[in-house]
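Good morning, everyone. Please have a look at the structure on the screen, and I will walk through a few parts of it.

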Amino acid sequence: MFKSVIAASHPEFSSMRQQDALEFYHHLIDKVEQANPGNHELNPCTGFKFIIEERVQCPSGKVSYNQHCDNFLTLSIPLHEATNKEQLEAFHEKKAAMDLDGKEVSKEEIVRPRVPLEACLASFSGGEEVPEFYSTALNSKTTAIKTTGLKTFPDYLVLQMRKFVMGEGWVPKKLDVYIDVPDIIDISHMRSNGVQPGEELLPEGASCGNKAEPARPVADEDIVSQLANIGFNYFACQKAAINTSNAGLEEAMNWLLSHTQDPDINEPISQDPMPAEDTIDEASLQTLVSFGFPEDVSRMALKASGGNIERATEWVFSHPEASSSVSADSSTNNVKDDDSHISDGSGRYKLMAFVSHMGTSTHCGHYVAHILKDGRWTIFNDNKVAASVDLPKDMGYLYFFQRISS
């Protein structure tokens, strides 16, 4: 009954195919909010929302702030912070020797990295370099430092562990790792308090203080000529270069091959300031978002790669400046006025539930949930519900925390 109500209208969740638990969490939130439009008091999803604030500082010392609303945190897993490095090294040596002898390591002998949750949280809030950042104070591109914090702390904090990553050959793979998660966490140190006394904001727009009108994009003639020499229509080659942001010949070729049936592909380019935005496949977009890429950057990457997820992932890594493009303004704020109801409070939380993925890859497996119910941990495995005997707390993919009242 629950599946019929929540997933009946969804092309993926109404099927029996493998889906991502985070995508379902998104879908569930959307369905509940659609049933309670504008009524925050009756919307239980309000308690999951919080505001993330990013601070970017360029070498001039001036800063910019950007805020956006979300209902979960995606955490990278820094494997170099594993607490059992000696055991891991010994295991890898043993495995290498057994591989030479044609033997396999038994499941009981496998040693997995153990990474503290605190290290994952520190990786999220720690400073990172933003190359190719355009500073309106210096009127040039430079390397800036970005730090991220939470402007508000939600009633319920959802953490997604980035266990699904791109491996060699751009093949999605699952990290075989344990996360040491305490029952109580305190993220008070992750609070961001906005512009501080003595800080100077980066000026908006160009050096003259006024933002220039968006110019019509220009195709890279080298890319256009190479495509034209292959035999493609000149105007189509121009569109391919422009719609892939002049990323390169391969990207333009892929875009062109996926748009050969467009009715206007061989017509001259419109003189409108900006080209019409391509339709982005939402499933591909959510896949990139589940890898931890920002949604706006994921859209740019899919557009530049003709919708191909592997090439889009490569595009993100080869265009680090894309993630900072939105932060160029001094105080970009996409927190809507109707988000003023977002709750805030203490940064101390207790673990109340987690979802685990049982399987070796992104294309197969099974999800189970553990919930702290009536003072004891209970496992929910489809229609089977039982007390959890050996709690696999270190194997979670999604963790749900509830705020502890001070």
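I start with a pair of helices. Helix 5 and helix 6 are oblique to each other, because an angle counts as oblique when it falls outside the ranges for roughly parallel, roughly antiparallel and roughly perpendicular, and roughly antiparallel begins only over 145 degrees. The angle here is about 135°, and the two axes lie 9 Å apart. To find the pair, look at residues 221-230 for helix 5 and residues 234-243 for helix 6. The crossing of helix 5 past helix 6 is right-handed. Keep in mind that this is a predicted model.

Which residues make the contact between these two helices? On the helix 5 side they are Glu221, Ile223, Val224, Leu227 and Ala228. On the helix 6 side they are Tyr234, Cys237, Gln238, Ala240 and Ala241. By type, this contact has 8 nonpolar residues, 1 polar and 1 charged. As background, an α-helix has 3.6 residues a turn, so residues three or four places apart point the same way.

Now stay with helix 6. How many of its residues are buried? The count is 8 of 10, so the helix is mostly covered. Those buried residues are Ala236, Cys237, Gln238, Lys239, Ala240, Ala241, Ile242 and Asn243. The cover includes helix 5, which we have just seen, together with helix 7, at 249-258, and helix 9, at 295-304.

Next, the two ends of helix 6. At its start, Asn233 has a side-chain oxygen within 2.8 Å of the backbone nitrogen of Phe235. After the helix comes Ser245, and its phi is positive, near 55°.

Let me move to another part of the chain. Thr142 sits in strand 6, which covers residues 140-150. Is Thr142 buried or exposed? Its relative accessibility is 18%, and buried means under 20%, so Thr142 counts as buried. What does Thr142 touch, leaving out residues up to four places away in sequence? The list is Cys58, Pro59, Val130, Pro131, Glu132, Phe133 and Ser135.

Last, the whole chain. It holds 10 helices and 17 strands. Of its 406 residues, 40% are buried. Among contacts with a separation of 6 or more, 65% join residues that are 24 or more positions apart.

That is the end of my part. Thank you.

Terms used
Residues are numbered from 1 along each chain as its sequence is written. This is a predicted model: local features need pLDDT of at least 70, side-chain atom pairs count only at pLDDT 80 or more; totals for chains, interfaces and linings use all residues. Side-chain values use heavy atoms; hydrogens and water are left out. Axes are lines fitted to C-alpha atoms, for helices over the stretch in contact, and angles run from 0 to 180 degrees between N-to-C directions. Helices (H or I, at least four residues) and strands (E, at least two) are DSSP runs, numbered from the N terminus. Angles under 35 degrees count as roughly parallel, over 145 as roughly antiparallel, 65 to 115 as roughly perpendicular and the rest as oblique. A crossing is left-handed if the near helix is turned anticlockwise from the far one by less than a right angle, and right-handed if clockwise. Contact means heavy atoms within 4.5 Å. Ala, Val, Leu, Ile, Met, Phe, Trp, Tyr, Cys and Pro count as nonpolar, Asp, Glu, Lys and Arg as charged, and the others, Gly among them, as polar. Buried means under 20% relative accessible area, exposed over 50%, partly exposed in between (1.4 Å probe, protein chains only). A polar contact is a pair of N or O atoms within 3.5 Å; within protein, one must be able to donate a hydrogen and the other to accept it, and residues adjacent in sequence count only if both atoms are side-chain atoms.
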